[in-house]
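These are my notebook entries on a structure that I looked up part by part. I record each point as I came to it.

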Amino acid sequence: MDLSGRTLFIANRGEIAVRINRAAKSLGMTVVQGHSEADADMLAVRMADRSVEIGPPHATKSYLDIGRVVEAAKSAGADAVHPGYGFLSENAGFAEAVEAAGMIFVGPSAETIARMGDKAKARETAEAAGVPTAPGSDGRIETAEAALVAARAIGFPLMIKAAAGGGGRGIRVAENEDDLKRLVPQAKAEAEAAFGDGGLYLERMITQARHVEVQILGDGKSAVHLFERECSLQRRRQKVWEEAPARCLTQATRDRMCEVSVRLAEAVEYRGAGTLEFLYEPDRDAFYFMEMNTRIQVEHPVTEMITGVDLVAEMIRIAFGQPLRFAQADIGFSGHAVEVRVNAEDPASNFMPFPGVAQKLVVPDGVRFDTMLYEGYAIPPFYDSLVGKLIVHGASREEALQKLREALSGLEIEGLKTTLPLHRALAGDPDVKADNTTTKFLEAWLETHAIKAA
Amino acid sequence: MAKQIRSPLPGIFYRRPAPDQPPFVEDGGSVEAGAVVGLVEVMKSFHEVIAEEAGTNVRFVAENEDPITVGVVLAEMD
């Protein structure tokens, strides 16, 4: 597909704007970069054919202002708008506004974004497509007797949740049947008082789990998967380290997880790049759908490294109406990839943000470093702290980790405090080397491991 | 001479704990030493701005949601 002469507006910033720019240029497109007042000198602006200011530093007045972004893209003569991740990327109203202005939104339909963005609807949609979800009671539980019957089917420990609750309110944990008998009446009374609705439901508590997610690409009719990523190393629900593939899965489980993901993508006539996130319980060899992200993800490079597919370029082609260029059988993976997120934060000081000036920057040969940094760049304090992603690939996980350790010792970013010392410590940790982690691992690890300043 | 409260960090300055709540300190109000007078959002994390000394008749120089740099004067007081 020849996209030369077509114009792409990038409605994002930082490293992903740089990444989208490269993909668009590889397709021969003209790039217009939107930016806030605080981002006039960012790398993606320097790389773009043209740039347009879209408002003040505060993201709600620039990158999150649908009216301004759409107007800027339209006036710049854009054929399409790429939303990146974060900001307006999963905003159905934005997708709609872009299309209403006669441009292409690089992503799924507004309807798909809205449907998968609603947790309850997403769970329903997943169940309808035969995707496993965390075991729970069917509908509302009104009595302790009904709770007991449901609990025996679900298994302990389990959470008792208020049907009308949310945001963690009204949740109780029952370890056994005695707890359940005692807690259900309490929970019911509390839910009635707090929400005016005593309805409860039960959900099995999954404590020792890994985060595994499946990358898919769809063209609105058919979909393919590009295997999975393992992202259990998280701090405050933010991923800090990602790998592909997930070595903890057997081939049979991988096949099943990827197959149900394609089924869900096709059920919603998915268009573009998307990710289904699962909790995987190694003890039971079971996985449960958590949510679907209807955008490109930060950690997409590990998938690119093992499959050789340029996900960002593919999502742009699809947005312009090109059917999928691969059948499932055409997509394989080789070796192992690891990505670590380099944030401008001081891991020796409780991850305090460090919006400084990048001085000398040395990137070792033979590694991929997706970054927004250049020497002399002053990182604005207004946005998130991700400044780059260091990505390595090896024939095996062991070889990838060895390459990571070498890359981490060769990568130099002077002038900033970053999370590089954290990654250096993790890359040498016995549990990380043994791939023996869960989503709870990193926070516990941080309590017992002091990170020395860089 | 007027006392000054300066920002310890660069970022976005907020005078309220949340958009639907009253300001930490009203214009013309008084503060004790150690009182929280505002928040600075830096890279999506929020940090308190503390008055290092007591003062009266607090006058804010920075508006709510203003982008600010390190050391900028946020408020003056007597």
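**Entry 1: an aromatic pair in chain A.** I began with Phe333(A) in this predicted model. Phe333(A) has a relative accessible area of 29% and is therefore partly exposed, since that value lies between the limits of 20% and 50%. I then turned to Phe227(A), which counts as buried at 10% relative accessibility. I counted ten aromatic pairs over all chains. Phe227(A) and Phe333(A) make one of these pairs, with 4.7 Å from centre to centre and 70° between the planes, which is an edge-to-face arrangement. I looked up where the two residues sit: Phe227(A) belongs to strand E10 (residues 223-230) of chain A, and Phe333(A) to the loop between H11 and strand E16 (336-343) of chain A, so the pair ties together parts that are 106 residues apart in sequence. I also noted a cluster in which ring pairs link Tyr63(A), Phe87(A), Phe382(A) and Tyr383(A).

**Entry 2: domains of chain A.** I next asked which domains the assignment gives for chain A. They are domain 1 (7-106), domain 2 (144-204) and domain 3 (210-448). Between the centres of domain 1 and domain 3 of chain A, taken over C-alpha atoms, I noted 23 Å. Their contact involves 36 residues of domain 1 and 31 residues of domain 3 of chain A.

**Entry 3: the nonpolar cores.** I then examined the largest nonpolar core, which has 148 residues. The members that touch the most others are Phe9(A), Leu217(A), Trp241(A), Phe289(A), Ile316(A), Leu373(A) and Leu404(A). Helix H11 (residues 311-319) of chain A contributes the most to this core, namely seven residues. Both domain 1 (7-106) and domain 3 (210-448) of chain A supply at least three residues each to the core. I followed Trp241(A) further and left out residues up to four places away in sequence. Its contacts include Glu230(A), Cys231(A), Val338(A), Leu404(A), His423(A) and Val432(A). Another core lies apart from the largest one; it has 17 residues, including Ile141(A), Ala162(A), Val184(A) and Leu200(A).

**Entry 4: a residue of helix H11.** I chose Ala319(A), which is placed in helix H11 of chain A. Is Ala319(A) buried or exposed? At 15% relative accessibility, Ala319(A) counts as buried, because the limit for buried is under 20%. Beyond its neighbours within four places in sequence, Ala319(A) is in contact with Ile104(A), Phe105(A) and Val106(A). I also looked up Phe369(A): Ala319(A) and Phe369(A) are 50 residues apart in sequence, and their C-alpha atoms are 27 Å apart in space.

**Entry 5: backbone details in chain A.** I looked for cis peptide bonds and noted one between Phe156(A) and Pro157(A), with omega about -5°. Pro157(A) is in the loop between helix H7 (144-154) and strand E6 (158-162) of chain A. I noted a cis peptide bond between Ala244(A) and Pro245(A) as well, where omega is about -5°. Pro245(A) sits in the loop that runs between strand E13 (241-244) and helix H9 (251-267) of chain A. I then came to Asn350(A), which is not a glycine yet has a positive phi of about 55°. Asn350(A) is in the loop between strand E17 (345-346) and strand E18 (352-353) of chain A. At 59% relative accessibility, Asn350(A) counts as exposed.

**Entry 6: chain B.** I consulted the UniProt record, an unreviewed entry, which places the feature "domain: Lipoyl-binding" at residues 3-77 of chain B. For that span I noted 0% helix and 40% strand, with the end C-alpha atoms 5 Å apart. In chain B, four strands form an open, antiparallel sheet in the order E4-E3-E2-E6. Which strands stand at the edges of this sheet? They are strand E4 (45-50) and strand E6 (67-68) of chain B; each has a single partner strand, so one side of each is left without a neighbour in the sheet. Strand E3 (residues 36-42) and E4 of chain B are joined by six bridges in the antiparallel sense. Val42(B) has Ser45(B) of E4(B) as its bridge partner. In the loop between E3 and E4 of chain B I found Met43(B). Met43(B) is not a glycine, but its phi is positive, at about 45°. Met43(B) counts as buried at 5% relative accessibility.

Note on methods. Residues numbered from 1 in each chain as written. Chains lettered and ligands numbered in written order. Predicted model: local features only at pLDDT ≥ 70, side-chain atom pairs only at ≥ 80, totals over all residues. Heavy atoms only, no water. Pairing = 2+ DSSP bridges. Core = buried A, V, L, I, M, F, W, Y, C linked by side-chain atoms within 4.5 Å. Buried < 20%, exposed > 50% of the residue type's maximum accessible area, 1.4 Å probe, protein only. Domains from an automatic or database assignment. Contact = heavy atoms within 4.5 Å. UniProt positions renumbered as here; feature names shortened; annotations may be inferred. Phe/Tyr/Trp six-rings, centres within 6.5 Å; stacked < 30°, edge-to-face > 60°.
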